[in-house]
Amino acid sequence: MIIAKRKPFNEIEELVSGAKKILILGCGTCVAVCLAGGEKEVAVLASQLKMALALKDQDAKIDELTIERQCDREFIEEITQKVIVDDYDLILSSACGAGVQLVSDVFDHKVVLPALNTTFIGVAEGPGVWTERCRSCSDCVLAETGGICPVTICPKGLVNGPCGGTRHGKCEIDPEKDCAWTLIYNRLKKIDRLGRMEQTRPPKKYGADQFPARLVHEAYRRRYE
Amino acid sequence: MAKSFQEALASGKFLVTASIDAPKGTDLEDAARMIDRLKGVVDALGVSDNPYAAMHMSPWAVCRLALEKGVEPIMHVACRDRNRIALQSDLLAAASQGINNILCVSGDHVKFGDHGDAKPVHDIDSVHLLEVSKGLKEGKDMTGSALTGSAAFCLGAAANPEADPIEPQLIKVDKKIRAGASFLVTHPVFSIEKLKSFMGHVSRGGVKVLAGVRLLVPEKVAQYRDGRCPGLFVPEDILGQIEAADMAKCTEMAASMVKSIKSAGLCHGIHITASGHEAVILDILKTGGIEAGT
């Protein structure tokens, strides 16, 4: 899932400065799971903003609404059934960057601002801890690397083995982090596929990773062509 | 004209190499002085490529200066700062200037440098860079397109005999040799046993190995200890000695490593680095029993 982190409160306060009516729009999927932009986090942000503005004797109406997903027009369009969008000076979206943009596209006459910094695609390691696992590079190497992504886990994204900085199996840039290639070596050995590591992997095909990317499912191709 | 490094590699003699950093600025005077001092003593002089990811002058300018002064340069090329297009472009420029010895490295992470917010490129890795350079030697670029002329490269790679665990490192070294490395420059060596074990592995590939010797200095002990010098794994007992050492003692300790490596007869030469104190490289070599023409 997509992991995000709320922007520093001072930055958010600055972003919404001067607005009289603000809609804080939560997203109920990834960013709710990673405790950054779901219903509860929207409520906290709304309270914080109300208090901060009150302390400055500024009068602003702050409403909250959380929808299922902000990365899907179907859900965004439902917003108009619940609130009058034109009543607000701005929408503060607590979705990932994709969600913020789609809300901005749908309500392209409104100011739509981000409340979060989108950080990575990752997994939950435990309560409140997420780690990055995928760079969405469009050229997956996991079949060759024992299910551990060197493009993501190695800070240099090396695809043919470790740099010279591995010490006690840890990464040269952070002794708290495992060296991706030590993990890969151990995993491949464990599953008896070490031969995969001995083969030289060609340079990655970044041509497949041109952004902004667009993907049309085979079944829908005729509709969009 | 001095013997080419390629000829020196084939000669069977114990090879003496060192590396210096290109200036942080436009003034080449210090580099020129270093080149003059080391002329006739080293078989080749490496010039680092933005060492520790700290921005310096591009090494080709210093390599060109070395050539003009009759010293064989080894240009370090890091994959960290350029994509495959820029790397090939710079390699061709180097080849056109007669810079033929290329050390292909991944490059220290930008985190260690002075531009911490820079984007680490790593479009291709050091194995690919060797393959690409080999292609340029054969008169073709990475896509197979023909070039006008071809590069006369002698290709080298980095390796760390003290990496832990060593097995993944050795797998990568094998790839580097297969990709065209004819010499390896190791990270600084502190254990002859580890060097022996490393040599036992790579000697099958017929590659020449230059063991790294690093001048350690007391003001950087904290950095050596806490991992701010990537790939440099100094044993605690040596750190203890360095902490209390003056420059003469530091030089002597590096020289002692030179002697140990040479007398062990395990590898084909040495590679001295003395970051920030390049002026003592000559002293390390002299104290280590290496004089001009030996």
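# A guided tour of chain B

In chain B, 78% of the contacts with a separation of 6 or more are made by residues 24 or more positions apart; two residues are in contact if their C-beta atoms, placed from the backbone, lie within 7 Å. Before you click further, note that this is a predicted model, in which local features need pLDDT of at least 70, side-chain atom pairs count only at pLDDT 80 or more, and totals for chains, interfaces and linings use all residues. Residues are numbered from 1 along each chain as its sequence is written, while chains are lettered from A and ligands numbered from 1 in the order in which they are written.

**Stop 1: the whole chain.** Select chain B and colour by pLDDT, the predictor's confidence in each residue, from 0 to 100. The average for chain B is 95, and 98% of the residues score at least 70. For the model, ipTM is 0.94 and pTM is 0.93. Turn chain B around: the C-alpha trace spans about 55 × 40 × 40 Å along its principal axes. Its radius of gyration is 18 Å, which agrees with the value near 19 Å for a compact globule of 294 residues. That radius is taken over C-alpha atoms, and the globule rule is 2.2 Å times the number of residues to the power 0.38.

**Stop 2: the barrel.** Switch to a cartoon view to find the 11 helices and 8 strands of chain B. Helices (H or I, at least four residues) and strands (E, at least two) are DSSP runs, numbered from the N terminus. In chain B, 8 strands form a closed barrel in the order 1-2-3-4-5-6-7-8, with parallel pairing. From one strand to the next, the twist averages 25 degrees; axes are lines fitted to C-alpha atoms, for helices over the stretch in contact, and angles run from 0 to 180 degrees between N-to-C directions. Two strands pair if DSSP finds at least two bridges between them.

**Stop 3: strand 1.** Select residues 15-20 of chain B. Is this strand buried or exposed? In strand 1 of chain B, 6 of the 6 residues are buried, so the strand is largely enclosed by the rest of the structure. A residue is buried if 20 or more other C-beta atoms lie within 10 Å of its own, exposed if 12 or fewer, and partly exposed in between, with C-beta atoms placed from the backbone. B:L15, B:T17 and B:S19 lie on one side of strand 1, with B:V16, B:A18 and B:I20 on the other. Now add residues 269-273: strand 8 of chain B runs parallel to strand 1 of chain B, joined by 5 bridges, and B:V16 stands opposite B:I270. Then show residues 44-47, strand 2 of chain B, which pairs in the parallel sense with strand 1 of chain B over 4 bridges. Here B:S19 stands opposite B:G46.

**Stop 4: helix 5 and its strands.** Select residues 126-137 of chain B. Helix 5 lies across strand 3, strand 4 and strand 5 of chain B, at about 150 degrees to strand 4. Strands 4 and 5 of chain B are parallel partners over 4 bridges, with B:C104 and B:A157 as bridge partners.

**Stop 5: the side facing chain A.** Show both chains: 30 residues of chain B are in contact with 26 residues of chain A. On chain B, helix 6 (167-178) gives the most to this side, with 7 residues.
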